Amino acid sequence: MTKEDKVLVIQELKDVLQDAKVVYVASLEGMNAAATSDFRRQAFKQNITVKVVKNTLLQKALEQIEGVDYSEMFPTFKGNSALMISETANAPAKLIQGFRKKAEVPALKSAYLQETFYVGDENLATLVSIKSREEMIGEIITLLQSPLRNVLSALQNKDEANGNAEEAAPVAEETPAAEAAPEASADATDAPSAE
């Protein structure tokens with residue numbers, strides 16, 4: 001790879017990483033071509049970008065990113081490295097965990113998400129359990145709907161109870177307001193004024 005090619009790759013990686021909120025680095029070492037192809041296909045379906053990268057080029061690209069110091073991840077950049085970028089915090093971890101049911105690879109090297117670094121494969125279970133934005137919104141909506149459902153249910157039960165009570169009670173004849181009003185005004189004129 002020429003120096004110009006390296007500069008282009010670093011710039012491409014930098015462009016991809018600049019706005020990334022979820023960055024994983026995994027080892028695909030030991031995966032055959034079919035497994036690697038299947039891994040990439042499933043990643044694509046889950047909107048996870050996967051790039052197999054040279055460690056030195058990845059490190060140089062991360063060093064040029066402003067706002068985040070990725071140096072905590074650099075010691076894990078050994079051997080075969082696959083860069084995984086996603087919008088969903090736990091999606092790459094779930095993908096790795098799903099593949100680990102069949103074999104020991106891929107392995108998590110390091111990850112950066114929610115302004116926190118996770119270094120080492122032992123953090124995979126923690127990353128899987130992190131709730132995605134969509135899951136959090138769903139839980140919040142469920143929590144907000146629960147009291148509302150209770151209020152609506154109580155109101156509906158009250159209306160049904162009142163409806164049953166009205167049906168059981170005899171209906172009294174009502175005097176129209178127009179008929180009742182002249183009698184009241186006639187009584188008021190007959191009364192002596194207190195002067």
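This briefing describes the fold, the packing, the salt bridges and the largest pocket of a predicted model. The protein chain has seven helices and five strands, and 31% of its 195 residues count as buried. Three salt bridges are counted, and the largest pocket holds about 200 Å³ of space.

**Overall fold**

- Along the sequence, helices and strands of the protein chain follow the pattern α-β-α-β-α-β-α-β-β-α-α-α.
- Among contacts in the protein chain with a separation of 6 or more, 77% are between residues 24 or more positions apart.
- The protein chain exposes about 13,100 Å², and carbon and sulfur atoms supply 53% of this area.

**Packing around helix H4 and strand E3**

- The buried residues in H4 are Ala91, Pro92, Ala93, Leu95, Ile96 and Phe99.
- These buried residues of H4 pack against four elements, namely strand E1 (22-27), H2, strand E3 (81-86) and H5.
- One residue of strand E3 is Ser81, which has a relative accessible area of 1% and is therefore buried, the limit being under 20%.
- Beyond its neighbours within four places in sequence, Ser81 is in contact with Val25, Ala26, Lys51, Val52, Val53, Asn55 and Lys109.

**Salt bridge between Glu12 and Lys51**

- Glu12 and Lys51 form a salt bridge in which the closest N and O atoms are 3.0 Å apart.
- Because Glu12 belongs to helix H1 (residues 3-18) and Lys51 to strand E2 (residues 49-53), the pair ties together parts that are 39 residues apart in sequence.
- Both partners are partly exposed: Glu12 has a relative accessibility of 42%, and Lys51 has a relative accessible area of 23%.
- Lys51 is also one of the residues in contact with Ser81.

**Salt bridge between Arg41 and Asp38**

- The side chains of Arg41 and Asp38 form a salt bridge with an N to O distance of 3.4 Å.
- Both residues lie in helix H2 (residues 33-45), where three residues, or about one turn of the helix, separate them.
- An α-helix has 3.6 residues a turn, so residues three or four places apart point the same way.
- Arg41 is partly exposed, with a relative accessible area of 44%.

**Salt bridge between Arg100 and Asp121**

- In the salt bridge between Arg100 and Asp121, the closest N and O atoms are 2.7 Å apart.
- This pair links distant parts of the chain, 21 residues apart: Arg100 lies in helix H4 (residues 91-100), and Asp121 in the loop between strand E5 (116-119) and helix H5 (124-129).
- Arg100 is partly exposed, with a relative accessible area of 27%, and Asp121 is likewise partly exposed, at 25% relative accessibility.
- H5, which follows the loop of Asp121, is also one of the elements against which the buried residues of H4 pack.

**The largest pocket**

- The lining of the largest pocket consists of 14 residues.
- Nearest the centre of the largest pocket lie Asp19, Ala20, Lys21, Val68 and Tyr112.
- By class, the lining of the largest pocket comprises seven nonpolar, two polar and five charged residues.

Note on methods:
Residues numbered from 1 in each chain as written. Predicted model: local features only at pLDDT ≥ 70, side-chain atom pairs only at ≥ 80, totals over all residues. Heavy atoms only, no water. 1 Å grid on protein atoms, 1.4 Å probe; cavity = no way out; pocket = protein on both sides within 12 Å on 5 of 7 lines; lining within 4 Å. Points joined across faces, edges and corners; volume = space filled by probe spheres on them. Nonpolar A, V, L, I, M, F, W, Y, C, P; charged D, E, K, R; others polar. Salt bridge = Lys/Arg side-chain N within 4 Å of Asp/Glu carboxyl O. Helix = DSSP H or I, 4+ residues; strand = E, 2+ residues; numbered from the N terminus. Buried < 20%, exposed > 50% of the residue type's maximum accessible area, 1.4 Å probe, protein only. Contact = heavy atoms within 4.5 Å. Areas by Shrake-Rupley, 256 points an atom, 1.4 Å probe, with all protein chains shown as cover.
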